[in-house]
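Subject: Handing over a structure

Hi there,

Here is the structure I promised to pass on to you. Have a look at it first, and then read on for what turned up in it.

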Amino acid sequence: MSLPGVVSRDEWLAARKALLAREKEMTRQRDALNAERRRLPMVAIEKPYVFTGPEGEASLLDLFEGRRQLIVGHFMFNPSWDDGCPSCSAGADEMSEGLRAHLHARDTTFAYVSRAPIEKIEDYKARKGWTFPWYSSHGSDFNYDFHVTMDSSVAPVEYNYKTLAEHQAAGTGYYFEGDQPSEQPGSSYFLRDGDRVFHTYSTFGRGAEMTGGSYYWLDLTALGRQEDWEEPKGRAESAHGAEPDFIDRR
């Protein structure tokens, strides 16, 4: 197992200050990138999507719960499964009531949407002890239109703004491996102006890391995420794969 080098406090402080300068520059770059994201144009949602929640049918507008903004977490849950995706479940474990209260204080609602029927969603949610809003898009085009369910018999498949051919050329064709329909993770962001709903942003794949969680805490530690792709190598006695489900496989 490889550990950081041992130096004097003065040597550590010099190295830390050098890294701090880079961290501050990254913070400024992140602020600029966030401003560019806010400058993106938006697209009006014209299709009348119908979801099912614990109290019955709901429109996309209903999911806002009266607030100006809506964040939809695309939770991977195929209708044929009894349990939701382990990696999505790990992220959902961190979706606390306190975090959602802070979003509410900024006029923003968070809700998960999955393709599984509401009965399966409610059963899994109860078993996990979760309290966040979670709706079924079963029978609607929502997952296909936002490219988190891959089924070429329904719509041309794409993920993270690339077609199957583009992913294959880039060496990321693994997103489309396995039988269809297949599920992929992501999150989508909406703005309400009166009763009109607009799509402002979606992110997929590792883009989900922008929302923080356990990974961002681990990034600040000497051992990092303890996954096999990280540098420097050898920091973890038993490196994990790049699987964000936080299941201890040792």
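C88 counts as buried, at 12% relative accessibility. This is a predicted model, so please read everything below with that in mind. The sulfur of C88 is 3.6 Å from the closest cysteine sulfur, which belongs to C85, and that is too far for a bond. A disulfide, as a reminder, is a covalent bond between the sulfur atoms of two cysteines. The search of the whole structure came back with zero disulfides. Accordingly, C85 is in no disulfide, with the sulfur of C88 as the nearest cysteine sulfur. C85 is buried as well, with a relative accessible area of 9%.

Next, the salt bridges, of which the structure holds 15. One you may like to look up joins E183 and R115, whose closest N and O atoms are 2.5 Å apart. This pair links distant parts of the chain: E183 sits in strand 10 (residues 182–183), while R115 is in the loop between strand 5 and helix 5, and 68 residues separate them. Are these two partners buried or exposed? E183 has a relative accessible area of 6%, so it is buried, and R115 counts as buried at 9%.

Two other pairs have a different setting. E23 and R16 meet through their side chains in a salt bridge of 3.0 Å, N to O. E23 is partly exposed, with a relative accessible area of 31%, and R16 is also partly exposed, at 30%. K233 and E231 form a salt bridge too, at 4.0 Å from N to O. There, K233 is partly exposed at 45% relative accessibility, and E231 is exposed at 64%. Besides these pairs, a network of salt bridges links R206, E209, D219 and R225.

Helix 5 is a good place to go next. It covers residues 118–128, and I118, I121, Y124 and K125 are buried in it. Down the helix axis, the buried residues of helix 5 fall within an arc of 130°, so they line one face of the helix. E119 and A126, on the other side of helix 5, are exposed. What do the buried residues of helix 5 pack against? Their partners are strand 2 (50–53), helix 3 (86–93), strand 5 (108–114) and strand 6 (134–136). Just after helix 5 comes G129, with a positive phi of about 75°.

Finally, some backbone details. Which residues have a positive phi although they are not glycines? H147 is one of them, with a phi of about 60°. H147 lies in the loop between helix 6 (142–145) and strand 7 (149–150), and it is partly exposed, with a relative accessible area of 22%. Y161 is another, with a phi of about 65°. You will find Y161 in the loop between strand 8 (158–159) and strand 9 (162–163), where it counts as exposed at 52% relative accessibility.

There are cis peptide bonds to look at as well. The bond from Q180 to P181 is cis, with omega near 0°, and P181 is placed in the loop between helix 7 (164–170) and strand 10. The bond from E231 to P232 is cis with omega near -5°; P232 belongs to the segment after helix 8 (214–218).

Enjoy exploring it!

Best wishes

Key. Residues numbered from 1 in each chain as written. Predicted model: local features only at pLDDT ≥ 70, side-chain atom pairs only at ≥ 80, totals over all residues. Heavy atoms only, no water. Buried < 20%, exposed > 50% of the residue type's maximum accessible area, 1.4 Å probe, protein only. Helix = DSSP H or I, 4+ residues; strand = E, 2+ residues; numbered from the N terminus. Arc of directions from axis to C-beta. Contact = heavy atoms within 4.5 Å. Disulfide = S-S within 2.5 Å.
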